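Here's a quick briefing to skim before you set anything up with this one. Have the structure open while you read.

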Amino acid sequence: MSAVFEVAHLKKAFGGLAVTNDVSLSMSSGDRIALIGPNGAGKTTFVNLVTGNLAPDSGEVLLAGETVTKVDAIGRVRRGLVRSFQVTLVPGHDACRACRACRLAPEGANRAPHR
Ligand SMILES: Nc1ncnc2c1ncn2[C@@H]1O[C@H](COP(=O)(O)OP(=O)(O)OP(=O)(O)O)[C@@H](O)[C@H]1O
Ligand SMILES: [Mg+2]
C-alpha cells in the first residue's frame, strides 16, 4: 500500500543540541504509531516539524507522496494533517474542577449538570 504520510531524514538542532536527528518513517492508510520518550526527548519538536510549526534544518515531510516541507501549518491542515495540542491542567483550573466533580459524584446520582 502506498504511503499517505512520510518523513525522510528530518533534522532539527537547537544550537549544539541535535533534537531530531535523521528521522525517517512511513505510514499507510490505517496505520497507527505512538511516539514515546522521556521529557525532553524531542517528541513535541518532531510533531512541530511535521505540522509546519517549526522549520527543519534538513529533510522532508510528504503527504500522499507530495512534499509539504515548505507548506505552512495552515496549508498542511488543508491537506488533511491535523494535530491536538498538549493541554496542561493545573489545580484550580475549571477543567480540573469538572473532572473532580465527575469523579466524586456517586454513580447514578441525580445531579445538576456541572457549569
Ligand atoms: N525553541 C527551542 N529552543 C531551544 N531549545 C528547544 C526549543 N524547543 C525545544 N527545545 C529543547 O529540545 C529538547 C526537546 O524538547 P521537546 O519539547 O521536543 O521534548 P518532548 O519530548 O516533547 O518533552 P516533554 O515530554 O516534556 O513534552 C529539549 O532539550 C528542549 O529544551
Ligand atoms: Mg512535549
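Among the elements of the protein chain, helix 3 (residues 94-104) has the lowest mean pLDDT, at 65, while strand 3 comes out highest, at 98. Keep in mind that this is a predicted model. Where pLDDT is low, the coordinates shouldn't be read in detail. Over the protein chain the average pLDDT is 88, and 83% of the residues score at least 70.

**Overall layout**

- The protein chain has three helices and four strands.
- Walk along the sequence and you get the pattern β-β-α-β-β-α-α.
- Of the 115 residues in the protein chain, 12% are buried.
- Take the contacts with a separation of 6 or more: 43% of them link residues that sit 24 or more positions apart.

**How the strands pair**

- Strand 1 and strand 2 run antiparallel to each other, paired over nine bridges.
- One pair to look up here is Leu 10, which stands opposite Val 23 in strand 2.
- These two strands, strand 1 and strand 2, form a hairpin with two residues between them. Gly 15 sits in that turn with a positive phi of about 60 degrees.
- Strand 1 also pairs with strand 3, again in the antiparallel sense, over five bridges.
- On that side, Glu 6 has Leu 62 of strand 3 as its bridge partner.

**The nonpolar core**

- Which residues make up the largest nonpolar core? There are six: Val 7, Leu 10, Phe 46, Leu 49, Val 50 and Val 61.
- Strand 1 and helix 1 are the elements that give two or more residues to this core, and helix 1 gives the most, with three.
- As a general point, nonpolar side chains tend to be buried together in soluble globular proteins.
- Val 61 is a handy residue to click on: setting aside its neighbours within four places in sequence, Val 61 is in contact with Val 7, Val 50, Val 68 and Thr 69.

**Around ligand 1**

- The shell around ligand 1 consists of Phe 14, Leu 17, Val 19, Gly 37, Asn 39, Gly 40, Ala 41, Gly 42, Lys 43, Thr 44 and Thr 45.
- Sorted by type, the shell around ligand 1 has four nonpolar residues, six polar and one charged.
- Strand 2 (17-28) and helix 1 (43-51) each supply at least two residues of this shell.
- Which element gives the largest share of the shell? That's helix 1, with three residues.
- Helix 1 therefore turns up twice in this briefing: it gives the most to the largest nonpolar core, and it also gives the largest share of the shell around ligand 1.

**Backbone oddities**

- Most residues other than glycine have a negative phi, so a positive value is worth a second look.
- His 9 has a phi near 50 degrees, positive although the residue isn't glycine. His 9 lies in strand 1 (residues 3-14).
- Is His 9 buried or exposed? His 9 counts as exposed, because just 12 C-beta neighbours fall inside 10 Å.
- Ala 64 likewise has a positive phi, near 50 degrees, in a residue other than glycine. You'll find Ala 64 in the loop between strand 3 (58-63) and strand 4 (66-67).
- Ala 64 is partly exposed, because 13 other C-beta atoms lie within 10 Å.

Technical notes:
Residues are numbered from 1 along each chain as its sequence is written. Chains are lettered from A and ligands numbered from 1 in the order in which they are written. This is a predicted model: local features need pLDDT of at least 70, side-chain atom pairs count only at pLDDT 80 or more; totals for chains, interfaces and linings use all residues. A residue is near a molecule or strand if its C-beta atom, placed from the backbone, lies within 6 Å of it. Ala, Val, Leu, Ile, Met, Phe, Trp, Tyr, Cys and Pro count as nonpolar, Asp, Glu, Lys and Arg as charged, and the others, Gly among them, as polar. A residue is buried if 20 or more other C-beta atoms lie within 10 Å of its own, exposed if 12 or fewer, and partly exposed in between; C-beta atoms are placed from the backbone. A nonpolar core is a set of buried Ala, Val, Leu, Ile, Met, Phe, Trp, Tyr and Cys residues joined through C-beta atoms within 7 Å. Two residues are in contact if their C-beta atoms, placed from the backbone, lie within 7 Å. pLDDT is the predictor's confidence in each residue, from 0 to 100. Two strands pair if DSSP finds at least two bridges between them.
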